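Please open the model in your viewer and keep the selection tool at hand. The tour goes from one selection to the next, with a short account of what is there at each stop.

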Amino acid sequence: MWGGNLCSVFCALVVSSTLVEALDPSFNPLHHSGPASPYFNSPSLFNIPSDLPAGCVVDKASYIMRHGARFPEPGSFTGWVNLFDKLQSTTYNATGALTFLPSWVLPVDDVPHEPLFLTSHGAAEAFTLGAQLRGRYNVTKGGSNFTVWSAGQQRVVDTANYFLRGYLGQGNYLNSTDENRGTVFFMPDSVNSTGADSLTPSAACPLYSGNDGTDKSNAFRATFQPAVAERLNTMLEGLTLNATDIGVMQDLCGFSFVINGDTRFCKIFTEQEWLDYEYAHDLNYYYGSGPGNPLAGTTAFPWLSAMASLFNDTTTNNNTFIPPSLLISTTHDNNIPPVVAALGILNSSASSNVFPLSPTKPNPRRTFFASNMVNFLGHVALERLSCEAPLGSKVQHMAGQVNAMPGTGPDAKKFVRILVNNAVVPLPTCQNGPDASCALVDFLTYVTQRGEVLGDFVQRCGLGNLTSMGVQVPDVVDFYVDPSSAGADVTRLELPVL
């Protein structure tokens, strides 16, 4: 039940900021690369420590996370191939930071098997997070089995598997066939048949569209990429880069790092160029799948409502399956910002003209940064805190009796706090608990109010005509308490014994 920093071994996976020789040592492009960023702990934007408040323990937690680092999707890989062909089909001279271009080769060397799937870095991210959370929460007794939930695409299921390997990677249970076993419940990925009962619910919402985010981000890229190409072309003789090439090259910073550790593309852009690149991603996710999309929060609210019920110890399904105290769900990048929207966080400011995000002018006071939530293994976590008076300066011990930890007594009070990549993010209207957490009873009220604002999934998604014809459209998330959920179409995967 320890709430320390989610770092140590995990952060060792993240490259040091000093690798960018041409930039200020305190600036790391890999922390500003949006969905191409490797995992890193988000900086605290609200000056609230991520350590647990004194006298508190975590007795329940839920994480919904993007899959670990992957190879490019086939469409993006085509852009990489086009850049490589352009660099190799021309005779030219390269100077300065671009002298590596004539010797650069594609980091994908097994095309039939790598694009779209996890890299070894992504597997390590998931494994390490599993080990970290085992120690962080200490809610799973040695030898106990553990269950996680996953969307169905291979890289997402693989992330769940590697997480389980890390979480269960202690002790020796090879000959204990019913102990220390992992189970993944996975569901169809990005289909329209499961309604809200899914880890990819926006795919089942016909009126949902992310095009506004795409359009705004593309328009913003057009304001800076040509100038970047012009600057880099001063280092080339006989070769001309264009705006499309700049987009590919900036993507290659993060992707090359998580594939083979190559950081050369990280070093050729200025700090401002990285901040512009990052803001294009902010616009894409804010308006495409986050608070700027009027249906984003609606699609994620059934998940939030299910978490509120579980945190309130609501019993369902006749106790035939008891979910673990730590809930782990793996999905895709575009399914994380809807949770932020459903919670109503990272979309308000005491300063004016911060939200909604400007399509043309980044405001440094904003708290919505795509790099801090949709990077590889990026996540939103809910923790239920159980709190009592902290230990005093003098504690008596009676022989033969282990003292109870503060927070574990029958009179402990319950609170909820939110973490985004391990940084505490307060609810905008409920901060009445330790370190700006929210009392559980008030959190439940807040969630109910959010549901009234966000509206009904079936009606707002334009599915009411189906229900009027007798077609059942799942409008709640029940797969955490019902592994055989017909609405979610759950498949059970048992982790192989090693």
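Select Cys205 and Cys461 to begin, in a model that is predicted, and you will find that Cys205 and Cys461 are both buried. A disulfide joins these two residues, with a sulfur-to-sulfur distance of 2.1 Å. The torsion about the S-S bond of Cys205 and Cys461 is about -100 degrees, so this disulfide is left-handed. If you colour the neighbouring elements, you can see that Cys205 sits in the loop between strand E4 (182–187) and H4, while Cys461 sits in the loop between helix H10 (457–460) and helix H11 (464–468), so the pair ties together parts that are 256 residues apart in sequence.

Next, select Cys253 and Cys266, which form a disulfide with their sulfur atoms 2.1 Å apart. Here the torsion about the S-S bond is about 95 degrees, so the disulfide is right-handed. Cys253 belongs to helix H5 and Cys266 to the loop between H5 and H6, and the two residues are 13 apart along the chain. Are these two cysteines buried or exposed? Residues with a relative accessible area under 20% count as buried, and Cys253 has a value of 0%, so Cys253 is buried; Cys266, also with a value of 0%, is therefore buried by that cut-off.

Now move to Cys56 and Cys387, where another disulfide holds the sulfur atoms 2.0 Å apart. Which hand does this disulfide have? The torsion about the S-S bond of Cys56 and Cys387 is about 110 degrees, so the disulfide is right-handed. Cys56 lies in strand E1 (residues 56–66) and Cys387 in strand E7 (residues 379–387), so this pair ties together parts that are 331 residues apart in sequence. Cys56 has a relative accessible area of 8% and is buried, and Cys387, with a relative accessible area of 8%, is buried as well. The count of disulfides in the model comes to four, and among them are the pairs you have just visited.

Leave the cysteines and turn to the open spaces of the model. Show the surface and look for the largest pocket, which holds about 920 Å³ of space. The largest pocket is lined by 37 residues, and to find its centre you can select Pro35, Asn284, Tyr285, Asp333 and Asn334, which are the closest to it. The elements that give two or more residues to this lining are helix H1 (74–88), helix H4 (211–233), helix H5 (243–260) and helix H6 (271–288), so colouring these helices will help you to follow the walls. By class, the lining of the largest pocket is made up of ten nonpolar, 20 polar and seven charged residues.

The second largest pocket is the next stop, with about 360 Å³ of space. Select His32, Glu278, Pro364, Arg366 and Phe369, since of the 17 lining residues these lie nearest the centre of the second largest pocket. Its lining divides into eight nonpolar, six polar and three charged residues.

Now select helix H2 (residues 120–137) and look along the helix from end to end. How does its length compare with what its 18 residues should span? At 1.5 Å a residue the expected span of H2 is 26 Å, and its end C-alpha atoms are 26 Å apart, which agrees. H2 is mostly covered, as 13 of its 18 residues are buried. Just after H2 comes Asn138, whose phi is positive, near 50 degrees.

The last stops are in loops, where the backbone deserves a careful look. Select Phe355 and Pro356, which are joined by a cis peptide bond with omega of about -5 degrees; Pro356 lies in the loop between helix H8 (337–343) and E7. Asn353 is also placed in the loop between H8 and E7, and its phi is positive, near 60 degrees, in a residue other than glycine. Finish with Asn421, in the loop between strand E8 (413–420) and strand E9 (423–425), where phi is again positive, near 50 degrees. Which of these two asparagines is buried and which is exposed? Asn353 is exposed, with a relative accessible area of 70%, whereas Asn421 is buried, with a relative accessible area of 0%.

Conventions:
Residues numbered from 1 in each chain as written. Predicted model: local features only at pLDDT ≥ 70, side-chain atom pairs only at ≥ 80, totals over all residues. Heavy atoms only, no water. 1 Å grid on protein atoms, 1.4 Å probe; cavity = no way out; pocket = protein on both sides within 12 Å on 5 of 7 lines; lining within 4 Å. Points joined across faces, edges and corners; volume = space filled by probe spheres on them. Helix = DSSP H or I, 4+ residues; strand = E, 2+ residues; numbered from the N terminus. Nonpolar A, V, L, I, M, F, W, Y, C, P; charged D, E, K, R; others polar. Disulfide = S-S within 2.5 Å. Buried < 20%, exposed > 50% of the residue type's maximum accessible area, 1.4 Å probe, protein only. Expected span 1.5 Å × (residues − 1).
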